[in-house]
Amino acid sequence: MAFAGDWLKPPRHMNGTSFFYFATDQYRYEAKVNEEQLKWGGRFSQMHPADFNAMAARLGWLPSYPQFTQNSLKLVKEAREKGLKEADEVAQYMAQLIKEEKVDWAIEHPDDPRNFPKVFFNWRSNLLGDTGKGHEYFAKHLMGGEDTVLAESGSSWQPETIDIAEKPPEGKVDLFVSLDFRMTSTGLFSDIVLPAATWYEKYDISSTDMHPFIHPFNAAITPPWEAKSDWDAFREISRVFSELAKDHLPACEDLVMSPLSHDTVDEIAQPFGKVFDWRKDGVEPIPGKTMPKFQIVKRDYPNVFHQFTTIGPDIQKGYGSKGVVIPGEDVYKELLNRLGVCGREGLGKGRPDLYSAKHAIEAILDMSGATNGKRAVAGWKSLEKKTGQKLAEIAQGHEEDAYTLLDITAQPRQAISTPVWSGMEKDGRRYSPFTVNTEYMIPWRTLTGRQSFYLDHEVMLDFGEGLPLYLPPLNHGPFLLGEDKVENSGKWLTVRYLTPHQKWGIHTMFTETTNMTTLFRGWQTVWINEEDAASIGIKDNDWIEVYNRNGAVAARAVVTYRIPRGVVYMYHAQDRTMGVPANAINKNRGGTHNSVTRITPKQTHMIGGYSQLSYGFNYYGPTGNQRDTIAIIRRLKEVDWLED
Amino acid sequence: MRIKTQVCMVMHLDKCIGCHTCSVTCKNTWTNRPGVEYVWFNNVETRPGPGYPKQWENTDRFKGGWVLKNGKLRLRAGGPVSKLANIFYNPNMATIQEDFYEPWTYDFEHLFTAPKKDRVPVARPKSLMTGKYIDKPTWSSNWDDDLAGGNEIAPTDPNVQKLQEHIKMEYEKTFMMYLPRICEHCLNPSCVASCPSGALYKRDEDGIVLVDQEACRGWRFCMNGCPYHKVYYNWNTHKAEKCHFCYPRTEAGLPTICSETCVGRIRYIGVVLYDADKVKAAASVEDPKKLYEAQLSVFLDPFDPEVIKEARKAGINDQWIEGAQNSPIYKMAMKWKIALPLHPEYRTLPMVWYVPPLNPIMNHIENEEELATDGYIPAVDQMRIPMEYLASLLTAGDTGIIRHVLLKLTAMRVHMRAKTVGGVDDYKHSQLLKEADTSVEELEEMARLLAVAKYNERFVIPTGRREMKDDLFYQQGACSIEDLAPPEGMIR
């Protein structure tokens, strides 16, 4: 339901790390790999991460969006005009076009304006004040705002297969819309901030494998002023979008490229962990085998609103995730009963109603095995077929359980064990990963069916990482040779810069209230060992700045003997919205904790199409690693609020 | 025998993670109003550190609590005569800027109203006292969180300054603990004795110490008269305010908000019975190190038939007697003697008790798998937090008592570990058990209450007794906020 799978498949997913690595032009500022690693392999380990990522996209390992410089709607239209009727034919046609280089991979042309993310919706994330690693690159290239990027692409390591524009584009986004109930840095950079309901003004549910309960959120009051719940906000956008689409964007066919996926037959697409690049290794580009899959999706833009507000017919064909399939006929009937029947004229009439957030909650509670015993048993039965093991008993005794929003409002309920997770919550046990694998003999989802310590993929071996090993921190300096043009007359220190999670939250939310900031020193602060601090004339609570080639952040020093020398801690996600003056380098607003970091992609995370090393949305893919940052810390002599 | 009842709290410091949830929920419930911006009825201190307000334990500075003069109890700050002399200027009082902190907020509104500019706007810090922008905050209720400030701040802890041996504050020798604090609701409260207007009182039914808001004249002698510095001044109403043990909740049988929301479940609430006739003598013991023992002597065994008989005579009903029998406080503080009072040397007989924290030892224990039970005895003496430091907080300097409690807690861990995973030798004949002066039965009982006890075992709170008071039939449906309205309609 989350990705409209009840109406059309497949969804278009993109992994964030790769997307932002290219969209924010961070690939232009790479530093060469560790000298240590050069001793190994060499075929892959010395590839520029952007070249590697482009290869991963080309070989179907990772998703890649935008797909091609050419419009995907037009590509299907052209194929149809050539008389291609079957989906397979269109896919073959695409493979041929790609082979003949008649279409361009967008990932290889990230600075072509046709490949810019021109409209950007940011939903409840503080992308530009917190989570975006390499904040200053976001500010410069994606947003075109004030930035303090001090790196130079000229002195950086450049990729070979990526078409790089002479002058890096700035401000790729034309329209940036935020939907959030807090005014974060992201809101400050947005063209439009949609007023959003808070947790106490909307209905929602939450669960995690960290605790055994399903929690409700209930509105204590209706959203004040113009605020709307997330569900209502997106529904109303879909309503207007659909109306406009009648004239401007009629129904048509779209081409969706997707990678070789986890938990499908794609996992054996590229056997033995051998890498064959169809572009140069003499193999044919075959969709779903040596390259991504191409599928046709019918986009019914004028009916998006109706699709949004009702449960679609495809549920009846069954649904599920991670290769577990729950039969859908009965579910659909139950949903009609539980949600009520949509009476709105149009595509959705007569279908289960999904108009409000409460409908969506009831639909999820009904469809998920964690909250509906019948689904849990059906899920285990599906896995029984695959594994040949007796599993249904794990959820037996729960067949009668079907939690409603009112049930979990009265008291949060314990989740029922489902095959989507590997833990077991039967018999009052708490979640612990892989308990069903050990106790019910369910094979691990690996090549061997066991826990794998040895990974024989060519890329892993090339990096010398076939077995788990310790790698020392990367030893990049704060600047590349010749890059450092910062005037520095006073004392300074080069330190390892860490951004751990703070004790009061994972991110900014709730820690920026008056009381919470009073519970410590207000924002922003950086912890430093007191001997280090003394060596450069920093006293407790002095203004300081931390900078390197990625950018600069202004903060106050917390001096202590509790952390070792040589490192500074800037607790994650303080954001620059409160109490942050200008930096001294270029008099811009002293940035966020991610102003001095950047995305450091790890190529081995990009492997795909090989058993457990296959891309899975929200499960497997490259992480936006921003650790191993080296930076310079010094006193900030002058405080300029940039406000007068 | 004059039997009275007292609600008490135990905080098990081993389980405190310093999250300050107690402080936040307390503040959001009780002191989120103009006039009390700087006030935290509940706060959590990182120790070593000066605490909140700064160096509240410095009795030379604030002159809180009682002293023994010629065998008689006297307020350290002086009696009525010296109070009268200083009534318009109290030299011992803490000031908001020097000792508490200048509360601040941020100019959040500016983020919405800032004009279009090249640089993103920022919400600047703004004083909640003057309404003016401040460059940067310089102190707060928790400025030295997790040893922030290092050697500039931690050694200003009055307990550190008292230590015989100089401790070097450095990375390798770092020690740290959290100390959550509320009002102690003392049996011998010096704040009550300090008030020239008689506005503070210890209520009879449960021993909660309260400020009568109508009687308070704002003289503020209670502020420094309390050696724990847990009475505050509301500049808006010009009255004193303090932690009232969430009596609207406890009267309904619910735990205080700080206890209810405690993430580590470190807090326990229960009632105890004590002999009010013994309080004065217990507070007047000459040797400060004997005060802890003297304090224990005022409590009564709720299972003693004689005590039960007397309690009933004093109007204490069976629910409260049963509450005292099931009280987690009675078990921890009086029976097992693992919970200790904070600064008994102040002679106020504080009613919030602390189980001292076990903590990592300085040197690594080698071959822990094969370690004999008695190998843990020296471990207790090598813990990172100096025993003397804990003694300065909890036993007026008597390290023997601290050592005994830590041994007992260690014995509990060793025993429970042996029981679940094995790995130690025959326990019953061990020296550890002997030195800790305990039994396997007691350790298992302790483990249950300290580690697995659920809500109903941690909070044993008989409801408040309203059946004897007021015309409840008449008052039904009346709004508690508006009093009984209209006053002219009252017929008595």
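The following exercises treat aromatic pairs, charges over rings and nonpolar cores in a predicted model.

**Exercise 1.** Determine how A:Phe181 and A:Trp199 are arranged as an aromatic pair, and which parts of chain A the pair ties together.

*Solution.*
Step 1. The count of aromatic pairs over all chains comes to 41.
Step 2. In the pair of A:Phe181 and A:Trp199, the ring centres are 6.1 Å apart and the planes stand at 80°. Planes over 60 degrees apart count as edge-to-face, and this pair is accordingly edge-to-face.
Step 3. A:Phe181 belongs to the loop between strand S2 (175-180) and helix H8 (185-189), while A:Trp199 belongs to the loop between strand S3 (192-195) and strand S4 (204-207); the pair therefore ties together parts of chain A that are 18 residues apart in sequence.
Step 4. A:Phe181 has a relative accessible area of 24% and is partly exposed.
Step 5. A:Trp199 also has a charge over its ring: the charged end of A:Lys202 sits 4.5 Å from the ring centre.

**Exercise 2.** Classify A:Phe241 and A:Tyr301 as buried, partly exposed or exposed, and describe their pairing.

*Solution.*
Step 1. The two rings form an edge-to-face pair, with 6.0 Å centre to centre and 80° between the planes.
Step 2. A:Phe241 lies in helix H9 (residues 230-248) and A:Tyr301 in the loop between strand S7 (293-299) and helix H10 (304-309), so the pair links parts of chain A that are 60 residues apart in sequence.
Step 3. Buried means under 20% relative accessible area. A:Tyr301, at 14%, is buried, whereas A:Phe241, at 33%, counts as partly exposed.

**Exercise 3.** Identify the residues that touch the most other members of the largest nonpolar core, and state which domains of chain A it lies between.

*Solution.*
Step 1. This core has 213 residues, and those touching the most other members are A:Phe68, A:Ile98, A:Phe294, B:Tyr38, B:Phe299, B:Met332 and B:Trp353.
Step 2. Helix H18 (residues 399-421) of chain B gives the most to the core, with nine residues.
Step 3. Because domain 1 (16-297) and domain 3 (492-635) of chain A both give residues to the core, it lies between them.
Step 4. Leaving aside neighbours within four places in sequence, the contacts of A:Phe68 include A:Ile98, A:Phe294, A:Leu75 and A:Trp105.
Step 5. Another core, of 23 residues, lies apart from the largest one; among its members are A:Ile205 and A:Val324.

**Exercise 4.** Name the aromatic cluster that contains B:Tyr38.

*Solution.*
B:Tyr38 forms one aromatic cluster with B:Phe41, B:Tyr52, B:Phe100, B:Tyr101, B:Trp104 and B:Tyr232.

Note on methods: Residues numbered from 1 in each chain as written. Chains lettered and ligands numbered in written order. Predicted model: local features only at pLDDT ≥ 70, side-chain atom pairs only at ≥ 80, totals over all residues. Heavy atoms only, no water. Phe/Tyr/Trp six-rings, centres within 6.5 Å; stacked < 30°, edge-to-face > 60°. Helix = DSSP H or I, 4+ residues; strand = E, 2+ residues; numbered from the N terminus. Buried < 20%, exposed > 50% of the residue type's maximum accessible area, 1.4 Å probe, protein only. Lys NZ or Arg CZ within 6 Å of the ring centre and 35° of its normal. Core = buried A, V, L, I, M, F, W, Y, C linked by side-chain atoms within 4.5 Å. Domains from an automatic or database assignment. Contact = heavy atoms within 4.5 Å.
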